[in-house]
Amino acid sequence: QVQLVESGGGLVQPGGSLRLSCAASGRTFSSYIMGWFRQAPGKEREFVAAINRSGSITRYADSVKGRFTISRDNAKNTAYLQMNSLKSEDTAVYYCAADTAYGLEWHSASEYDYWGQGTQVTVSV
């Protein structure tokens, strides 16, 4: 079992920034593809960003491209999501996820094997 714990969410004004962290258990973190997803009230969970095992390749949803940056520190067993220029539309519960298998479709929630509990991000004046 892989345990994932998100942190860093909160209330921020439009145009502001937040950095989310995802701490993973275990000693094989570097073998996981890591992803971030979000879910707003009344909406389906949507893909936000993903990063490969070494951190050399990243993918982003069009809605966050140019504003969000995913990264990882394998020595610390932690993935990050830096969120800049936040908009009210970014308000959601943000989840990190780990793909311990094949990692062929990074944008698909069904690809991921383990999920954190989520952290609330609210963008409002």
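**Exercise 1.** How many salt bridges does the count come to in this predicted model?

*Solution.* The rule asks for a side-chain nitrogen of Lys or Arg within 4 Å of a carboxyl oxygen of Asp or Glu. By this rule, the count comes to four salt bridges.

**Exercise 2.** Work out which side chains form a salt bridge with R38, and state whether each partner is buried, partly exposed or exposed.

*Solution.* Begin with E46, whose salt bridge with R38 brings the closest N and O atoms to 2.7 Å from each other. The next step is to look at accessibility, where R38 has a relative accessible area of 5% and is therefore buried, because buried means under 20%. E46, with a relative accessible area of 35%, is partly exposed. Turn then to D90, whose side chain also meets that of R38 in a salt bridge, at 2.9 Å from N to O. This second pair links distant parts of the chain, since D90 lies in the loop between β8 (78-83) and β9 (92-99), while R38 belongs to strand β4 (residues 33-39), 52 residues apart. Both D90 and R38 are buried.

**Exercise 3.** Are D62 and K65 buried or exposed, and which residues are joined into one network by salt bridges that share partners?

*Solution.* The side chains of D62 and K65 meet in a salt bridge of 3.3 Å, taken from N to O. D62 has a relative accessibility of 67% and so counts as exposed, and K65, with a relative accessible area of 51%, is exposed as well. As for the network, salt bridges with shared partners join R38, E46, R67 and D90.

Key:
Residues are numbered from 1 along each chain as its sequence is written. This is a predicted model: local features need pLDDT of at least 70, side-chain atom pairs count only at pLDDT 80 or more; totals for chains, interfaces and linings use all residues. Side-chain values use heavy atoms; hydrogens and water are left out. Buried means under 20% relative accessible area, exposed over 50%, partly exposed in between (1.4 Å probe, protein chains only). Helices (H or I, at least four residues) and strands (E, at least two) are DSSP runs, numbered from the N terminus.
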